[in-house]
Amino acid sequence: MAAPAFKNGLVRWIDHRLPVFSFLHHELHDYPSPKNLSYWWNFGSLAGIVLVIMIVTGVFLAMHYTPHTAYAFDSVERIMRDVNYGWLIRYIHMNGASFFFIIVYIHIFRGMYYGSYKAPRELLWILGVVILLLMMATAFMGYVLPWGQMSFWGATVITNLFSAIPLVGDAIVTWLWGGFSVDNPTLNRFYSLHYLLPFLIVAVVMLHMVALHRFGSGNPLGIDVKGPQDSIPFHPYYTAKDAFGAGVFFIAFAGVVFFSPNLFGEPDNYIPANPLVTPPHIVPEWYFLPYYAILRAIPDKLLGVIAMFGSIFVLFLLPWLDTARVRSAKFRPTYRKFFWVLVVDCIVLGYVGANPPEGWFILVGRIATAYYFFHFLILLPVLGLIERPLPLPQSISAPVLKPAEGKA
Amino acid sequence: MAEAATATRGHAEGETRRDFIYLAAAGMGVVGAGAVAWPFISFMNPSADVLALSTTEVDLKPVQEGMSITVTWRGKPVFVRKRTKAEIDTAAATKLSDLPDPQADAARAKKPEWLILVGVCTHLGCVPLGQKTADPKGEYGGWFCPCHGSHYDTSGRIRKGPAPKNLEVPPYAFLDDTTIRIG
């Protein structure tokens, strides 16, 4: 790594003692990125931007929020009505969570389509799944803080999942609650952890970046960068592309924040929590609906909980479950079809999760759950062995340069 | 192990003692880490003031036959129902082989007309419906949990749905004919 010659003397002086500028130059400018990245590669940096937005708005909300069962609901309403721009900061934070999940889910499906989890990027993928789990825990605890009906009953149902553990289940639930029901000690610890976990996410994101920069981004063709003709510097090319994507994202985000801020919310959460009355139809936030559908698809309590956690843990094994050597679905005609079936399956699961467990929803939920596990546990290992992939191009630049050479 | 130690006695003796020190130090480290972790784990368990609020007394005088009241015990709803003759008979007549969590009705009520239950669904902790006259009572005339569709009978026993266990009967005692203490 050749140290770049900085023009500014002060920068040179600092960089000699603390090489942050060389580091940034190396990781942004020297960092060779495949020249064929599509807009599907925008969502990683976009997720990072939203994470920063969530932390900043969250820190400000904490200045006016009161974590006590008697005051929490009112303090949130005070933020909405009396605190200067409180409505704006809260709506950004609230909808930011939904957009964070939209972005991360697209990011994950992009990884699945283009085989981004395959060697040598297995740990990069696993760190991503860890981030997803941390995000889910953070989002769940954040949803409890306004202390509305959905907050309270969501907390009750989710913490009760642990009561399915044989023998020690009830003791664990009491420990999680700090009492015999979801109450003030529960609210306080959720607040504490909701503040802590985002910083753990930042730490894992950094590891995610270290792992990413080891081999660089994958690309839509799924073949390795063969030389300098296949790559361009990350900065300014992809910083510009990411910035454009971020602009498009902010239009959509601002549209929801300003014109339909309760689009993703549940009206019941504007009713203060009542420990004696369960709302007739409790649903989690939309981003948890597919897991909720899997939980309910299985009539046994313990097995339902295992299946629900299993639906995420199976992602940890994905790099080894998929036996195909070819990364990109572009050259895997059969896998490509099943990929879209999986996407539809997850949407169906979400739809089933949003509806009461009655009538045909039960059957559809069970079929969709079975298919979800079938895809990962049976289809992927077998398909990788029997599928005949299309011929891969020789290099990233070859398919682009060849026609031009032909003309000459 | 002993053989290996004897065979390499002399030169390797110091290494064996060093291994022992490593193991002993690591063992003490684990014990120490556990000793430090325990206060933090215990910190999150119910505190003394929470434990102190663990009994509730209920006056049963105003409760008429066929009527239910809900009281709070440890932050949870407790259902107190004065059952009708028909409900008691149905509960008593149910065959144990029909129950996912077999328990005789007589074992669940100290006095057959008074049924005392923790009003928390044993699936994932929702409060079942059935306390009010207009509530759905499920297919077995007891309680119905709207969250995931569990049906309980007139003895609070699970009959259908994902809940694994009967509604819990809290510890309680009759202080006199018309007063109970729960907890």
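Here is a walk through a structure with two chains, A and B, looking at domains, cores and the place where the chains meet. Keep in mind that this is a predicted model.

Let's start with chain B. The domain assignment splits chain B into domain 1, covering residues 1–45, and domain 2, covering residues 51–182. Taken over C-alpha atoms, the centres of these two domains of chain B are 54 Å apart.

Next, look inside. The largest nonpolar core holds 118 residues, and the members that touch the most others are Met112(A), Leu132(A), Tyr372(A) and Phe376(A). Helix 6 of chain A, residues 122–144, gives the most to this core, with 14 residues. Another core lies apart from it, made of 14 residues that include Val58(B), Val63(B), Val80(B) and Ile116(B).

Try finding Met112(A) in the structure. If you set aside its neighbours within four places in sequence, Met112(A) is in contact with eight residues you can look for: Tyr117(A), Trp125(A), Leu315(A), Leu318(A), Tyr335(A), Phe339(A), Leu342(A) and Phe376(A).

Now for the meeting of the chains. Here 24 residues of chain B are in contact with 25 residues of chain A. Together the two chains bury about 2,200 Å², with 66% of it on carbon and sulfur atoms. On the chain B side, Met44(B), Leu124(B) and His148(B) supply 28% of the area buried against chain A, more than any other three residues. Helix 2 (13–43), helix 3 (48–52) and strand 3 (76–82) of chain B each bring at least two residues to the side that touches chain A.

What kinds of polar pairing link chain B and chain A? There are ten residue pairs in polar contact across the interface, while the count of salt bridges between the chains is zero.

Conventions:
Residues numbered from 1 in each chain as written. Chains lettered and ligands numbered in written order. Predicted model: local features only at pLDDT ≥ 70, side-chain atom pairs only at ≥ 80, totals over all residues. Heavy atoms only, no water. Domains from an automatic or database assignment. Core = buried A, V, L, I, M, F, W, Y, C linked by side-chain atoms within 4.5 Å. Buried < 20%, exposed > 50% of the residue type's maximum accessible area, 1.4 Å probe, protein only. Helix = DSSP H or I, 4+ residues; strand = E, 2+ residues; numbered from the N terminus. Contact = heavy atoms within 4.5 Å. Buried area = accessible area lost by both parts, 1.4 Å probe. Salt bridge = Lys/Arg side-chain N within 4 Å of Asp/Glu carboxyl O. Polar contact = N/O pair within 3.5 Å; in protein donor to acceptor, adjacent residues only side chain to side chain.
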